[in-house]
Amino acid sequence: MKVFKKIVELQNELFYCRKENKTVGLVPTMGALHEGHASLVKRSVEENDVTVVSVFLNPTQFNDKGDLERYPRTLEADCQLLEDCGADYVFAPSVEEIYPEPDNRHYEFPPQSTVMEGAKRPGHFNGVCQVVSRLFYIVRPVRAYFGEKDWQQIAVIKRLVDFIGMKDVLEIVECPIVRDADGLAKSSRNMLLAADERSIAPRIFEVLSESVEYSMTHSVVGTHDKVVADINAVDGLEVEYFEIVDGNMLLEVNTWEAYVVGCITVYCGKTPIRLIDHIKYRG
């Protein structure tokens, strides 16, 4: 496995790969890698001749500087995990390498980019689109792999791919959420949880799972209110938002339609640490 910090060096390497008609897969990450990321990398290794994993903590998608400063940075451990997974290349650039000058491009893809995370974290998805589009242009993959934990992000990225004219040359591959044995979705933020906080965090997915059966005999509003009440009843957990939405447009629904998903963000602990998850109700 080779590690590159410069765009031109990575592109030179990939030039020779393409000359040999090798397919290139990309797994974009912000580092602090875990089993969820590993599952994406392993899938890319299976489906492509060459796998590139980017490890870049993108500052433009953080609207909270404290959140950016707290985000774990574990490049050495990340590289070991990636080598074990069979990745060919790691791209770990500096901020200056990705943004040699301020990125003034503005992306907005309503309603997918303006609801939920888009409403709660102004500028977040614009920053995501800035860095992901840069990575797509740099690497030129035929497939890019994203985890379904960041479910809304995938919807936004699909709109981005269409917007930048890559829809016919780039496949966005959605990969299932990887969870710990107790149900907590794998996340780089989990390592920031204290032991007592980690012990209550699985309650989020427990409540979501229980609510699927509840939804069979109750309304959307009733199901929504029960999820919020049950999670807020746990000392140390506080729901920021819970929305039950159409699985395609991401707009709130009032009835149980063909494709319905519940999306939640919960603050856990004293810091607090912001955790996201989702559950499929219909479809």
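In this predicted model, a good place to begin is R43, which has a relative accessibility of 29% and therefore counts as partly exposed, since that class lies between the limits of 20% for buried and 50% for exposed. R43 forms a salt bridge with E47, and the closest N and O atoms of the two are 3.0 Å apart. Both residues belong to helix α2, which covers residues 35-47, and because they stand four residues apart in that helix, about one helical turn separates them. The partner, E47, has a relative accessibility of 30%, so E47 is partly exposed too.

The idea behind such a pair is a general one: side chains of opposite charge can pair when their charged atoms come close. A search of the whole structure finds 20 salt bridges, and a few of them can be followed one by one. The side chains of E13 and K2 meet in a salt bridge with an N to O distance of 3.1 Å. This pair links distant parts of the chain, for E13 sits in helix α1 (residues 7-19) while K2 sits in strand β1 (residues 2-4), eleven residues apart. K2 has a relative accessibility of 42%, which means that K2 is partly exposed.

Another salt bridge joins R203 to E210, with 3.2 Å between the closest N and O atoms. R203 has a relative accessible area of 25% and is therefore partly exposed, and E210, at 44%, is partly exposed as well. Salt bridges can also be linked to one another, as in the network that connects E35, D180, D182, K186 and R198.

The next topic is how helices pack. Two packed helices are described by the angle between their axes and the distance between the axes. Helix α2, already met as the home of R43 and E47, packs with helix α4 (residues 75-85), and here the axes come within 9 Å and cross at roughly 35 degrees. The crossing of α2 with α4 is right-handed. On the α2 side, the residues that take part are A38, V41, K42 and V45, and on the α4 side they meet L81, L82 and C85. Sorted by character, the residues of this contact between α2 and α4 comprise six nonpolar, no polar and one charged.

A second helix pair is made by helix α10 (residues 203-215) and helix α11 (residues 220-232), whose axes lie 10 Å apart and form an angle of about 155 degrees. Because this angle is over 145 degrees, α10 counts as roughly antiparallel to α11. The crossing of α10 and α11 is right-handed. From α10 the contact draws on I204, V207, L208, S211, Y214 and S215, and from α11 on G222, T223, K226, V227, D230 and I231. The residues of the contact of α10 with α11 include six that are nonpolar, four that are polar and two that are charged.

From the helices the path now leads to the loop between α5 (95-98) and α6 (117-120), where Y107 is found. Y107 has a relative accessible area of 7%, so Y107 is buried. Apart from residues up to four places away in sequence, Y107 touches N126, C129, Q130, S133, L160 and F163.

Q112 lies in the loop between α5 and α6, and with a relative accessibility of 8% Q112 therefore counts as buried. If neighbours within four places in sequence are left aside, the contacts of Q112 are F125, Q152, A155, V156, R159, N248, M249 and L250. Among these contacts is V156, which is 44 residues from Q112 along the chain, although their C-alpha atoms are separated by 5.9 Å.

The backbone of this loop also deserves attention. P111 has its place in the loop between α5 and α6, and a cis peptide bond, with omega about 0 degrees, joins P110 and P111. M116 is located in the loop between α5 and α6, and M116 has a positive phi, near 50 degrees, although M116 is a residue other than glycine. With a relative accessibility of 2%, M116 is buried.

Two further backbone features occur elsewhere in the chain. N21, in the loop between α1 and β2 (24-29), has a positive phi of about 60 degrees and is not a glycine. N21 has a relative accessible area of 68% and is therefore exposed. Finally, the peptide bond from T271 to P272 is cis, with omega near -10 degrees, and P272 is placed in the loop between β8 (260-268) and β9 (273-282).

Methods
Residues numbered from 1 in each chain as written. Predicted model: local features only at pLDDT ≥ 70, side-chain atom pairs only at ≥ 80, totals over all residues. Heavy atoms only, no water. Salt bridge = Lys/Arg side-chain N within 4 Å of Asp/Glu carboxyl O. Helix = DSSP H or I, 4+ residues; strand = E, 2+ residues; numbered from the N terminus. Buried < 20%, exposed > 50% of the residue type's maximum accessible area, 1.4 Å probe, protein only. Axes fitted to C-alpha atoms, helices over the stretch in contact; angles between N-to-C directions. Parallel < 35°, antiparallel > 145°, perpendicular 65-115°, else oblique. Left-handed = near helix turned anticlockwise from the far one by under 90°. Contact = heavy atoms within 4.5 Å. Nonpolar A, V, L, I, M, F, W, Y, C, P; charged D, E, K, R; others polar.
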